[in-house]
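Okay, thanks for having me. Let me put the structure up, and then I'll walk you through it piece by piece.

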Amino acid sequence: MKKFFLILLLFFFHNNVYSKEIVYLDVQYIIDQSDLGKFYKSKINEINNNNITNLKIKEEEINFKENEIKNQKNILSKEEIQKKIDDLNNLLKNYKTERGKLNKQIIDEKKIYTSKILKILNPLLTNYVDKNKITLVVEKKNILVGIKSLDITSDILKILNEETKKNNLIND
């Protein structure tokens with residue numbers, strides 16, 4: 001009796017596995033290649049370029065003061081040299097602190113933009129899954145080998161780009 005029940009259970013399980021589809025999706029590719037993702041990436045690059053410009057100005061100031069100390073080493077007293085070295089060390093400390101803050105700012109901006117894209121992507125993906133009777137969507141980075149026809153990345157990318165244009169999301 002137990003064998004019969006087990007065979008019956010396997011038969012039903014077997015039919016369910018093949019009646020629905022399992023697909024995979026490359027989320028990072030969608031974030032990087034979508035119109036919205038490219039827009040956000042350009043905003044991040046703009047912020048980063050401004051940060052680099054400001055940091056280069058401070059680097060030049062530090063290099064100037066360092067060369068000034070080297071050139072005046074034989075002329076000034078030890079106390080004056082030490083005072084200039086302390087000032088230089090404070091400048092270096094401030095520079096490192098600011099560079100750390102700016103790097104954190106870029107990382108935080110990337111997280112915010114990624115989160116915004118995922119908030120838009122999630123309902124689109126849910127609708128796609130319901131519409132196409134898909135059982136499971138797995139992220140591509142977790143797939144070792146898969147048939148290319150199971151990759152829905154390009155379909156979702158098109159849907160996201162259409163949604164971006166339809167709702168005019170790039171003008172945020």
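So, of the 172 residues in the protein chain, 23% count as buried. Keep in mind that this is a predicted model. The protein chain has five helices and two strands, and from the N terminus on, the order is α-β-α-α-α-β-α. If you take contacts in the protein chain between residues at least 6 apart in sequence, 85% of them join residues at least 24 apart.

Let's go to α4 (78-131). It has 54 residues, which should span 80 Å at 1.5 Å a residue, and its end C-alpha atoms are 79 Å apart, so that agrees. There is a kink in there, though. Where is the kink in α4? At Leu121, about 25°, shortly before the proline Pro123. And after α4 comes Lys133, with a positive phi, near 50°.

Next, α5, which is residues 153-166. That's 14 residues, reaching 20 Å from first C-alpha to last, close to the 20 Å you'd expect at 1.5 Å a residue. Its buried residues are Thr153, Ile156, Leu157, Leu160, Asn161, Glu163 and Thr164. Why do they end up on the same side of α5? Because they cover an arc of only 160° around the axis. Turn the helix around, and the face away from that buried side carries exposed residues: Lys158, Glu162, Lys165 and Lys166. As for what covers the buried residues of α5, that includes β1 (21-25), α2 (27-33), α3 (35-72) and, again, α4. Just like α4, α5 has a residue with positive phi after it: here α5 is followed by Asn168, with phi near 50°.

That takes us to the packing. As a general remark, nonpolar side chains in soluble globular proteins tend to be buried together. Here, the largest nonpolar core has 22 residues, and the ones with the most contacts inside it are Leu25, Ile30, Ile117, Ile152, Ile156 and Leu160. Which elements give two or more residues to this core? Those are β1, α2, α3, α4 and α5. The biggest contributor is α4, with eight residues.

Zoom in on Leu160 for a second. Leaving aside neighbours within four places in sequence, Leu160 is in contact with Ile30, Ser34, Ile117, Ile120, Leu121 and Leu124. You'll recognise Leu121 there as the place of the kink in α4. Apart from that big core lies another one, of six residues, among them Leu55, Ile62, Leu88 and Leu102.

Leu102 turns up again if you look at Asn51. Asn51 is in helix α3, and at 9% relative accessibility, Asn51 counts as buried. Beyond its neighbours within four places in sequence, Asn51 is in contact with Leu102, Gln105 and Ile106.

Now the rings. How many aromatic pairs does the structure hold? Two. One is Phe39 with Tyr40, and that pair is tilted: 5.8 Å centre to centre, with 45° between the planes. The other is Tyr40 with Tyr113, where the centres are 4.2 Å apart and the planes are at 5°, so that pair is stacked. Tyr40 sits in helix α3 and Tyr113 in helix α4, so the pair ties together parts that are 73 residues apart in sequence. Put the ring pairs together, and Phe39, Tyr40 and Tyr113 are linked into a cluster. Are Tyr40 and Tyr113 buried or exposed? Both are buried, and for Tyr40 the relative accessible area is 3%.

Last stop, the strands. Val138 lies in strand β2, residues 134-139. Is Val138 buried or partly exposed? Partly exposed, because its relative accessible area is 21%, and the cut-off for buried is under 20%. Along the chain, Val138 and Tyr24 are 114 residues apart, yet their C-alpha atoms are separated by 4.6 Å. Tyr24 is also one of the contacts of Val138, once you leave aside neighbours within four places in sequence; the others are Ile22, Val23, Leu25 and Ile143. And Leu25, you'll remember, is among the residues with the most contacts inside the largest nonpolar core.

Okay, that's my tour. Happy to go back to any part of it.

Methods: Residues are numbered from 1 along each chain as its sequence is written. This is a predicted model: local features need pLDDT of at least 70, side-chain atom pairs count only at pLDDT 80 or more; totals for chains, interfaces and linings use all residues. Side-chain values use heavy atoms; hydrogens and water are left out. Helices (H or I, at least four residues) and strands (E, at least two) are DSSP runs, numbered from the N terminus. The expected span of a helix is 1.5 Å times one less than its number of residues. Buried means under 20% relative accessible area, exposed over 50%, partly exposed in between (1.4 Å probe, protein chains only). The arc is that of the directions from the helix axis to the C-beta atoms. Contact means heavy atoms within 4.5 Å. A nonpolar core is a set of buried Ala, Val, Leu, Ile, Met, Phe, Trp, Tyr and Cys residues joined through side-chain atoms within 4.5 Å. The bend at a residue is the angle between axes fitted to the seven residues ending there and the seven starting there. Rings of Phe, Tyr and Trp (its six-membered ring) pair if their centres lie within 6.5 Å; planes under 30 degrees apart count as stacked, over 60 as edge-to-face and the rest as tilted.
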